[in-house]
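Biologist: Please take a close look at a single part of this model and tell me how that part fits into the rest of the chain. A plain, connected account will do.

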Amino acid sequence: MTKISPSMDRWIEEAKKDPSSSQIGMYLFHNGVVRQTPKAKVRQGIDDGSQVRGMEFGYDEEKVQAAVEEARNLDGIYHVRVWLNEGELKVGDDIMYVLVGGDIRPHVIDALQFLVERIKTQCVVEIEKK
């Protein structure tokens, strides 16, 4: 069973009501989605002719929370929020949403890059179904 994706409009409304919002000059969203093209083709150029039909997705909540806390402690970062799906996903389903808010563009871009990379490499298990 998959989860219902959150509302990005609601997330940004809530973020802007937070007391820390007066320090924030930029918000960035990331929305990871299950794609039909296999990871091996996209990342390594290996094309075996297969297509992805779906994905089994899971995560370690403690590791995700640790990654979020690390991101919150980066220079200039005042807001971090993460949502992860789970279970049997199909092409087009949302995998994750990440919202980062901070003082200036370089800090926010770096924090988003850091957090998504940390989640993808250390917190989740993705098994493509072909």
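Modeller: Two strands count as paired if DSSP finds at least two bridges between them. The model is predicted, and the part I take is helix 4 with the sheet that helix 4 packs on.

First, the setting. The protein chain has four helices and six strands, and from the N terminus on the elements run α-β-α-β-α-β-β-β-α-β. Along its principal axes the C-alpha trace spans about 50 × 30 × 25 Å. Of the 130 residues, 36% are buried. Among contacts between residues at least 6 apart in sequence, 74% join residues at least 24 apart.

The sheet is open and consists of three strands in the order 1-5-3, with antiparallel pairing. Strand 1 and strand 3 are its edge strands, since each pairs on one side only. From one strand to the next, the twist averages 10°. Strands of a sheet pair through backbone hydrogen bonds, in either a parallel or an antiparallel way.

Strand 3 and strand 5 are joined in the antiparallel sense by seven bridges. Within this pairing, Leu-84 has Met-96 of strand 5 as its bridge partner, and Trp-83 stands opposite Tyr-97 in strand 5. Strand 1 and strand 5, also antiparallel, are joined by eight bridges. There the bridge partner of Phe-29 is Leu-99 in strand 5. Nine of the nine residues of strand 5 are buried, so strand 5 is largely enclosed by the rest of the structure.

Helix 4 packs on this sheet and touches strand 1, strand 3 and strand 5. The direction of helix 4 makes about 150° with that of strand 5. Helix 4 covers residues 105–123, which is 19 residues. At 1.5 Å a residue the expected span is 27 Å, and the end C-alpha atoms are 26 Å apart, which agrees.

Which residues of helix 4 are buried? They are Val-108, Ala-111, Leu-112, Leu-115, Val-116, Arg-118, Ile-119 and Cys-123. These residues cover an arc of only 160° around the axis, which puts them on the same side of helix 4. An α-helix has 3.6 residues a turn, so residues three or four places apart point the same way. On the other side of helix 4, Arg-105, Asp-110, Gln-113 and Thr-121 are exposed. For this split, buried means under 20% relative accessible area and exposed means over 50%.

The packing of the buried residues is not confined to the sheet: their partners include helix 3 (61–72), strand 2 (54–59) and strand 6 (124–129), along with strand 1 (26–33), strand 3 (77–84) and strand 5 (94–102).

Strand 6 holds Glu-126, whose side chain makes a polar contact of 2.7 Å with that of Lys-120. The side chain of Glu-126 also makes a polar contact with the side chain of Lys-39, at 3.1 Å. Not counting residues up to four places away in sequence, Glu-126 touches Lys-39, Met-55, Glu-56, Phe-57, Ile-95 and Lys-120.

To put the part together: helix 4 has its buried residues on the same side, and the helix packs on the sheet formed by three strands in the order 1-5-3.

Terms used. Residues numbered from 1 in each chain as written. Predicted model: local features only at pLDDT ≥ 70, side-chain atom pairs only at ≥ 80, totals over all residues. Heavy atoms only, no water. Helix = DSSP H or I, 4+ residues; strand = E, 2+ residues; numbered from the N terminus. Expected span 1.5 Å × (residues − 1). Buried < 20%, exposed > 50% of the residue type's maximum accessible area, 1.4 Å probe, protein only. Arc of directions from axis to C-beta. Contact = heavy atoms within 4.5 Å. Axes fitted to C-alpha atoms, helices over the stretch in contact; angles between N-to-C directions. Polar contact = N/O pair within 3.5 Å; in protein donor to acceptor, adjacent residues only side chain to side chain.
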